[in-house]
Each structure stands twice: as structure tokens, then as C-alpha cells.
Amino acid sequence: MRRAGRRTSGEEAGGALANTVEGYLLARAHHDEARREAEELCDRLPWLTTAQAEDVSRHYVRQRIDLTRRMLRTTVDRAAELRQEYEARYAALRRELLRRHVAFASATLACAAGIGVLAGLLNR
């Protein structure tokens with residue numbers, strides 16, 4: 001029986017494929033949006049020849065894709081930094097919680113031992 005929350009290798013491969021397809025579709029949609037914006041820009045510049053409009057469109061799309069790539073890279077880098085910060089904080093909190101539990105358990109055992117000794121003394 002498979003444990004909840006664990007993936008089999010087939011599920012992992014399927015998830016990776018789904019992520020790849022999703023990434024491709026998002027990139028394609030972004031490229032199409034950039035192309036539409038470039039066409040709108042060229043429509044506002046009626047004096048451009050067809051070759052010039054194509055050149056402007058190509059440059060606009062490339063610049064827009066490069067800008068998006070830089071923004072996404074910055075976001076990914078920041079996410080990695082935040083993940084490291086949160087993992088370090090989580091580890092520190094776990095250590096503190098464990099320390100407190102050990103102290104409480106030790107105090108409880110000491111009290112139980114003290115009560116046992118006291119009960120033994122009273123029974124004499």
C-alpha cells in the first residue's frame with residue numbers, strides 16, 4: 001500500500017511532463033502576447049515599411065522575452081533565498097521545541113522520582 005503524500009516514479013515522471021508542458025504553454029502564450037503588443041505598436045507607426053515593421057516587431061518580442069526571463073530569474077533566485085531562510089528558521093524552531101520537550105520530560109521525571117522517594121520515606 002502506498003503512503004499518502006508519496007509519489008511513485010511514474011507519478012513523478014508524469015508530474016515532470018505536466019510541468020514541462022505547462023511551462024511550454026505559458027512561454028508560448030507570453031510570446032504570442034508579446035507578438036500582439038508588437039503588432040499594436042507597429043500599427044501606431046503607419047509610416048514603417050513592411051520590412052521595418054517586421055524588424056521592429058522582432059526586436060520588441062526579443063526584448064520583451066529577455067525582460068521577462070530576467071524578471072523570472074530574479075523571482076526564482078529570491079524564492080530560493082526565502083526557502084533557505086525559512087528552512088533555517090524551521091530547523092531552529094524544531095531544535096528549540098525539542099530542547100523544551102527534553103527539559104520538560106526531565107523535570108517530570110525528576111518530580112516523579114522525588115515523589116517516589118518521598119512516598120517511600122513516608123511508608124517506613
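## Reading the labels on a two-residue contact and beyond

Me: What makes the contact between Asp 32 and Arg 28 a salt bridge?

Reply: The side chains of Asp 32 and Arg 28 meet at 3.3 Å, N to O. The rule asks for a side-chain nitrogen of Lys or Arg within 4 Å of a carboxyl oxygen of Asp or Glu, so this pair qualifies. Side chains of opposite charge can pair when their charged atoms come close. The model is predicted: local features need pLDDT of at least 70, side-chain atom pairs count only at pLDDT 80 or more, and totals for chains, interfaces and linings use all residues. Numbering runs from 1 along each chain as its sequence is written, and side-chain values use heavy atoms, without hydrogens or water.

Me: How do you know that Asp 32 and Arg 28 are separated by about one helical turn?

Reply: Asp 32 and Arg 28 are 4 residues apart in helix α1, which means about one turn. Helix α1 covers residues 9-43. A helix here is a DSSP run of H or I, at least four residues, numbered from the N terminus.

Me: Are Asp 32 and Arg 28 buried or exposed?

Reply: Neither label fits. Asp 32 has a relative accessible area of 31%, and Arg 28 has 38%. Buried means under 20%, exposed over 50%, and partly exposed in between (1.4 Å probe, protein chains only), so Asp 32 and Arg 28 are both partly exposed.

Me: Why does Arg 78 with Glu 85 count as a salt bridge?

Reply: The closest N and O atoms of Arg 78 and Glu 85 are 3.7 Å apart. That value falls inside the limit, so the pair counts. Arg 78 is partly exposed at 38%, and Glu 85 is partly exposed at 46%.

Me: What makes the Glu 96 and Arg 99 pair qualify?

Reply: Glu 96 and Arg 99 meet at 2.4 Å, N to O. This value also meets the limit, so the pair is a salt bridge. Glu 96 and Arg 99 lie in helix α2, 3 residues apart, about one turn of the helix. Glu 96 is partly exposed at 29%. Arg 99 is partly exposed at 48%.

Me: How many salt bridges does the structure hold, and which residues are linked in a network?

Reply: The structure holds 11 salt bridges. Glu 33, Glu 37 and Arg 64 are linked in a network of them.

Me: Why is Cys 42 called buried?

Reply: Cys 42 has a relative accessible area of 10%. That falls on the buried side of the cut-off, so the label holds. Cys 42 is found in helix α1. The C-alpha atoms of Cys 42 and Glu 85 are separated by 46 Å, with their positions 43 residues apart along the chain.

Me: Why is Arg 58 called partly exposed?

Reply: Arg 58 has 42% relative accessibility, so it sits in the middle class. Arg 58 lies in helix α2. Its C-alpha is 9.9 Å from that of Glu 39, at a sequence separation of 19 residues.

Me: Which class does Val 21 fall in?

Reply: Val 21, in helix α1, has a relative accessible area of 41%, so Val 21 is partly exposed.

Me: How do you know which residues divide into nonpolar, polar and charged in the lining of the largest pocket?

Reply: The lining is made by Leu 26, Ala 27, Arg 28, His 30, His 31, Ile 65, Thr 68, Arg 69 and Leu 72. Ala, Val, Leu, Ile, Met, Phe, Trp, Tyr, Cys and Pro count as nonpolar, Asp, Glu, Lys and Arg as charged, the others, Gly among them, as polar. The split is 4 nonpolar, 3 polar and 2 charged. Arg 28 and Arg 69 are therefore the charged ones.

Me: Which helix gives the most to the lining of the largest pocket?

Reply: Helix α1 does, with 5 residues. Helices α1 and α2 (50-122) each supply at least two. A pocket is an open set of points on a 1 Å grid over the protein atoms alone where a 1.4 Å probe fits, with protein on both sides within 12 Å along at least five of seven lines; lining residues have an atom within 4 Å of a point.
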